[in-house]
Each structure stands twice: as C-alpha cells, then as structure tokens.
Amino acid sequence: SGTSELWLTETMLDNMAVLTILIGMALLSEGSAQIMRIATPTPAQARYQDTDFIALIHFNMGTFAHNGDPCCDPTNWDVKAPYATGKTSDPATFNPTKLNISQWFDSINGLGANIAILTAKHGCGFGLWPTNSTLPDGSPYGYNVGAKGAAIQHDVLRDFVNNATANGVGYGFYYSIMKNFYLCRSFSGTDSCTKTVLPGQHNYTQDVYTKIAQAQVTELWTNYGDLTEIWVDSGEYRLFIPETQNFMFLYFHRSRWSSRSHGPSTATSRWNTKEPDRLVWN
C-alpha cells in the first residue's frame with residue numbers, strides 16, 4: 001500500500017513537471033514579447049538599493065504643532081492649540097531658536113548615511129526657503145522663511161546644502177505636491193475649503209495651484225546645485241520633473257508609505273524603464 005502511494009505521488013509529480021514545461025514552451029512561443037517586458041533593475045538602480053543609505057529629515061511647521069500629515073488642520077490653524085507653540089497659520093510659529101544644522105550632520109555621519117533629504121515643503125504648505133513664487137494677484141507666497149513676519153529670515157535649505165557639501169553627503173529635497181493646507185489642499189489632494197476658508201488660507205483652482213507648485217519646485221531644482229535625489233510626494237509628478245537637473249534618482253510615492261509608525265509597506269517595487277538610470281519609485 002505504501003509503495004503504491006509513493007509511486008502514485010511520483011507519477012503525479014512527473015506529470016506536473018511535464019505540464020509545466022509544456023505551458024512554459026507555449027508561453028515562450030506565443031507570449032515571448034510579453035515576458036521580455038518584465039522590468040529588471042539597471043546597475044544604477046541595483047546600486048541604489050544595495051548601497052545608498054538615506055537620512056530623511058522631517059523638519060517643518062509640524063515640528064511646532066503635532067505629528068501627522070498635513071500637521072496643520074482646523075484645530076491649530078487659526079487658534080493656538082495646547083500642543084502647539086503658536087498658530088500654524090503664522091510663519092513666526094516656525095521658530096527653531098537653537099537651529100544647528102551642522103549638528104544634524106554629526107548624527108548623519110554617525111549613522112553612516114550617504115544621502116540626506118530635507119522636507120522643503122510638507123503638508124502645511126510652509127516653505128523652508130525664501131521663495132519668490134507669488135499668488136495670482138502678484139503678492140508674495142507669504143508662508144515661508146524669509147516672509148514678512150516669519151521668525152526665521154534666512155534660507156534653511158541653503159544652510160542644509162552647505163553643510164551637506166562640507167560633509168561630503170549627497171543631498172536632495174522632499175516636496176509634497178498634493179498637500180498644502182495653506183492653499184486648501186487636503187491629505188488626498190482635494191479642495192479642503194469647499195465649505196469654509198479659514199483666515200490665512202487661499203483657495204484657487206487646480207490650474208493656479210499647479211502653477212504655484214511648479215514655480216516653487218523650479219526654484220528648488222535650479223538654485224541649489226546638483227541634487228543627488230529628489231522626492232515628490234503624490235500628485236501628477238511628471239509635471240514637476242526638472243529638465244536641467246542632473247540628479248540621480250527621483251523617488252515618488254502615491255499613498256503607500258512605510259515607516260516605523262505605519263508598519264511595513266505592502267507596495268511592490270517597480271523599476272522604471274523609461275529613464276532607467278534616473279527614476280525609481282515605490
């Protein structure tokens with residue numbers, strides 16, 4: 001009985017192996033073009049995965065309010081929340097009185113990271129550089145370091161770049177395309193001011209919003225030397241890819257994020273073959 005069962009199992013396995021071979025041959029003969037389209041990493045992409053170690057610095061208006069995305073919301077925008085140091089609508093609330101970016105790089109070097117990314121603009125809409133972008137009426141953007149009433153009047157991004165260069169660390173910026181509480185764009189990128197526009201908010205059409213964002217990322221991609229990497233978060237990222245930057249990689253994610261607080265990402269990696277040595281995203 002035992003011998004009979006073993007023989008039957010081996011026969012079944014043999015038949016399955018033959019069937020697998022036949023199916024494989026059929027796929028090769030009828031769908032070889034489809035098989036050839038399976039994307040594989042280029043040497044540059046493989047190096048990126050194997051050797052690059054990136055330090056992402058989340059430092060923006062939310063640092064002085066609460067953790068979250070976009071960090072700014074109706075509970076802290078036009079009122080001083082008990083957990084915040086001021087109204088998040090006020091540029092003066094961003095006030096790192098002991099800012100020491102060189103100390104960041106002591107930690108980054110100690111960590112062994114070879115690239116550092118700083119949040120130039122996160123979900124609140126606050127910019128860490130004195131942007132020259134304007135609102136449709138020609139007035140300054142107004143929600144950034146260097147703006148009227150801002151506590152910090154110098155260019156934080158410039159300090160970051162100078163320190164990265166001095167430490168031999170590659171650098172780049174993160175820019176949230178889809179989210180901007182200041183300009184009434186919610187976590188999902190939709191208009192968050194259809195019912196109420198809070199004091200200090202500005203609500204524009206999507207086309208106007210996109211033009212403001214494009215003006216800002218153009219400054220980031222052109223005014224700070226050769227970026228090693230750029231991160232654009234959500235939205236139609238192809239509208240924001242710089243033509244003149246010689247950066248190595250662009251990292252883009254739609255909404256699937258992995259971090260200690262959110263747990264491991266379930267997204268599968270995709271290797272981009274259109275610009276194989278420049279783009280990789282999750």
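Helix 3 has its buried residues covered by neighbours that include strand 1, strand 2 and helix 4. Keep in mind that this is a predicted model. Helix 4 shows a buried side as well, and a whole-structure search turns up two disulfides and one salt bridge.

**Helix 3**

- The residues of helix 3 that are buried are Ile-101, Trp-104, Phe-105 and Ile-108. Looking down the helix axis, you find them within an arc of 95°, so they line one face of helix 3.
- Turn to the face pointing away from that buried side and you meet Asp-106 and Gly-110, which are exposed.
- Right after helix 3 comes Gly-112, with a positive phi near 95°.

**Helix 4**

- Helix 4 runs over residues 156–166, and its buried residues are Val-156, Leu-157, Phe-160, Val-161, Asn-163 and Ala-164. These sit on the same side of helix 4, because they cover an arc of only 165° around the axis.
- On the other side of helix 4, Thr-165 and Ala-166 are exposed.
- What do the buried residues of helix 4 pack against? Their partners are strand 1 (54–57), helix 3 (101–111), strand 2 (115–121), strand 3 (170–176) and helix 5 (206–222).
- The N-terminal end of helix 4 is capped by Asp-155, which has a side-chain oxygen 3.0 Å from the backbone nitrogen of Leu-157.
- Just past helix 4, Gly-168 has a positive phi of about 65°.

**Cysteines**

- Cys-72 and Cys-124 form a disulfide, with an S to S distance of 2.0 Å. Cys-72 is in the loop between strand 1 and helix 3, while Cys-124 is in the loop between strand 2 and helix 4, so the bond ties together parts 52 residues apart in sequence.
- The S-S torsion of Cys-72 and Cys-124 is about 100°, so this disulfide is right-handed. Both Cys-72 and Cys-124 are buried.
- Cys-184 is joined to Cys-193 in a disulfide with S to S at 2.1 Å. Here the torsion about the S-S bond is about -85°, so the Cys-184 and Cys-193 disulfide is left-handed.
- Cys-184 counts as buried at 0% relative accessibility, and Cys-193 counts as buried at 5%.
- Number the bonded cysteines in sequence order and the pairing reads 1-2, 3-4.
- Why is Cys-71 not bonded to Cys-124? Cys-124 holds the closest cysteine sulfur to that of Cys-71, but at 5.2 Å it's too far for a bond. Cys-71 is buried too, with a relative accessible area of 9%.

**The salt bridge**

- The search of the whole structure finds one salt bridge. Its partners are the side chains of Lys-87 and Asp-78, at 3.8 Å from N to O.
- As background, side chains of opposite charge can pair when their charged atoms come close.
- Are the two partners buried or partly exposed? Lys-87 counts as partly exposed at 37% relative accessibility, and Asp-78 is partly exposed as well, with a relative accessible area of 31%.

**Thr-88**

- Thr-88 is found in the loop between strand 1 and helix 3, and it counts as buried because its relative accessibility is 0%.
- Setting aside neighbours within four places in sequence, Thr-88 is in contact with Met-61, Ala-65, Cys-72, Asn-76, Trp-77, Thr-93 and Tyr-143. One of these contacts, Cys-72, is also a partner in the disulfide with Cys-124.

Definitions and conventions
Residues numbered from 1 in each chain as written. Predicted model: local features only at pLDDT ≥ 70, side-chain atom pairs only at ≥ 80, totals over all residues. Heavy atoms only, no water. Buried < 20%, exposed > 50% of the residue type's maximum accessible area, 1.4 Å probe, protein only. Helix = DSSP H or I, 4+ residues; strand = E, 2+ residues; numbered from the N terminus. Arc of directions from axis to C-beta. Contact = heavy atoms within 4.5 Å. Polar contact = N/O pair within 3.5 Å; in protein donor to acceptor, adjacent residues only side chain to side chain. Salt bridge = Lys/Arg side-chain N within 4 Å of Asp/Glu carboxyl O. Disulfide = S-S within 2.5 Å.
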